[in-house]
Amino acid sequence: MKATVTEIKHFAVHDGDGIRTTVFFKGCPLKCLWCHNPEGIAHAPALALRTEKCTGCGACAAVCPTGAHKIENGVHSLDRALCTACGRCERECFFDALTLYGRETTVEELLPALLADRGFYESSGGGVTLSGGECLTQSAFCEALLRALKAEGIHTAVDTSGFVPREALARVLPYTDVFLFDVKAIDPAVHRRCTGQDNAPILDNLRYLDAAGAKIEVRIPFVPHHNDGELPAIATLLSSLKNLTGVRVLPYHTGAGSRYAALGMENTLPDVLPTKEALEGAKAILREKGLRVID
Ligand code: SF4
Ligand code: SF4
């Protein structure tokens, strides 16, 4: 069995408790305006070209079997329709101008890299987190990987948008120590405008996990003028859950801006960043409902 992943990030400290290694899977059914992992949205592998790093040396064009690279008059263009994601050009570029996002891997290949950090997990109370994209678009693989990690005694977390079939959650549930579950909006119209999808399945899945006794850490992306008005309704929903370990407010940032351009994607990132006061106000709304806010 194979999965497509974009990155394995070691020493992650924001993807659950302790020091963690995070596996980013490719493919996501949502299109959040503020997505900070645009390389994870499409299911297929994609080549990023950072023109600001390109020297125009032409090494990529020389090895590309499909003629996807063209360098004319100092301008480097990439025809993505021709790219088969073979990765040859990335290996030839000495200037870090090319990145292929999305490589196939197996549980047997991943496991040694994840177990190599065991000492850090044990000393910090950390473990392995599956993230994305939406990792549960590849749920059979996630189940196999999580089962293998649990057999090794590793703490596991699944970071999910919740916009997945119920069966996907059910199959990873026995091997997941905590779900990092995104809640972006309660108002269906707000959710649809911000993500392109209905939130009813997400909220149903959240209640399902809670009823099943799963530990859940809810994460709220906080985006001014988009979902900041949703905090009171989100707080009310969360206060009804029995197995919530805490809630984290994730302040929107624009760090992914250059990756949209490099991937040839439309940049949908909003302009306005949250102020410190607005962020603290959001946390106060959650605390007023008796929720544990994780800073
Ligand atoms: S190999 Fe790298 S630096 Fe050279 S032309 Fe291609 S992208 Fe630019
Ligand atoms: S990944 Fe392969 S097919 Fe795509 S541009 Fe590079 S060399 Fe060409």
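Reader: Let's start with Phe-179: which residue is its bridge partner in E11?

Author: In this predicted model, Phe-179 has Ile-216 as its bridge partner in E11. That contact belongs to a longer pairing: strand E10 (residues 178-182) and E11 run in the parallel sense, over four bridges.

Reader: And on the E12 side, how many bridges join E11 to E12?

Author: Seven bridges, and these two strands also run parallel. If you want a spot to look at, find Pro-221, which stands opposite Leu-250 in E12. To get from strand to strand, look at helix H9 (residues 231-238): E11, H9 and E12 make a right-handed β-α-β unit.

Reader: How do I read the side chains along a strand like E11?

Author: The general idea is that in a regular strand the side chains alternate between the two faces of the sheet. Here, Ile-216, Val-218, Ile-220 and Phe-222 point one way from E11, while Glu-217, Arg-219 and Pro-221 point the other way.

Reader: Are those E11 residues buried or exposed?

Author: All are buried, on both sides. With seven of the seven residues of E11 buried, the strand is largely enclosed by the rest of the structure. One neighbour to check is helix H11 (residues 276-288), which lies across strand E11 (216-222) and E12 and runs at about 160° to E12.

Reader: What is the strand order of the whole sheet?

Author: It's an open sheet of eight strands with mixed pairing, in the order E7-E1-E2-E8-E9-E10-E11-E12. Strand E7 (103-105) and strand E12 (244-251) are the edges, each pairing on one side only. On average, neighbouring strands are turned by 30° against each other, ignoring direction. Elsewhere in the sheet, strand E2 (residues 20-25) and strand E8 (residues 127-131) pair in the parallel sense over five bridges, with Thr-22 opposite Thr-129 in E8.

Reader: Now the rings. How do I read an aromatic pair?

Author: You describe a pair of aromatic rings by the distance of the centres and the angle of the planes. A search of the whole structure finds two such pairs. In one of them, Phe-11 and Phe-120 sit edge-to-face, 4.8 Å centre to centre with 85° between the planes. Phe-11 is in strand E1 (residues 3-12) and Phe-120 in helix H4 (residues 118-124), 109 residues apart, so to speak a link between distant parts of the chain. Phe-11 is partly exposed at 48% relative accessible area, and Phe-120 is partly exposed at 36%.

Reader: Why is the pair of Phe-25 and Phe-141 called edge-to-face?

Author: Because their planes stand at 65°, and the cut-off for edge-to-face is over 60 degrees. The ring centres are 5.9 Å apart. Phe-25 lies in strand E2 and Phe-141 in helix H5 (residues 139-151), so this pair ties together parts that are 116 residues apart in sequence. Phe-25 is buried at 0% relative accessibility, and Phe-141 is buried at 2%.

Reader: What about the nonpolar core?

Author: In soluble globular proteins, nonpolar side chains tend to be buried together. The largest core in this model has 67 residues, and Phe-25 is among those with the most contacts inside it, as are Leu-130, Leu-145 and Leu-238. H5 gives the most to this core, with seven residues.

Reader: Which residues does Leu-238 touch?

Author: Leaving out residues up to four places away in sequence, Leu-238 touches Leu-206, Val-218, Ile-220, Leu-244, Val-247 and Leu-291. There's also a second, separate core of nine residues, including Leu-47, Cys-64, Leu-98 and Leu-100.

Notes: Residues are numbered from 1 along each chain as its sequence is written. Chains are lettered from A and ligands numbered from 1 in the order in which they are written. This is a predicted model: local features need pLDDT of at least 70, side-chain atom pairs count only at pLDDT 80 or more; totals for chains, interfaces and linings use all residues. Side-chain values use heavy atoms; hydrogens and water are left out. Two strands pair if DSSP finds at least two bridges between them. Axes are lines fitted to C-alpha atoms, for helices over the stretch in contact, and angles run from 0 to 180 degrees between N-to-C directions. Contact means heavy atoms within 4.5 Å. Rings of Phe, Tyr and Trp (its six-membered ring) pair if their centres lie within 6.5 Å; planes under 30 degrees apart count as stacked, over 60 as edge-to-face and the rest as tilted. Buried means under 20% relative accessible area, exposed over 50%, partly exposed in between (1.4 Å probe, protein chains only). A nonpolar core is a set of buried Ala, Val, Leu, Ile, Met, Phe, Trp, Tyr and Cys residues joined through side-chain atoms within 4.5 Å. A crossover is right-handed if, with the strands pointing away from the viewer, the path from the first strand over the helix to the second runs clockwise.
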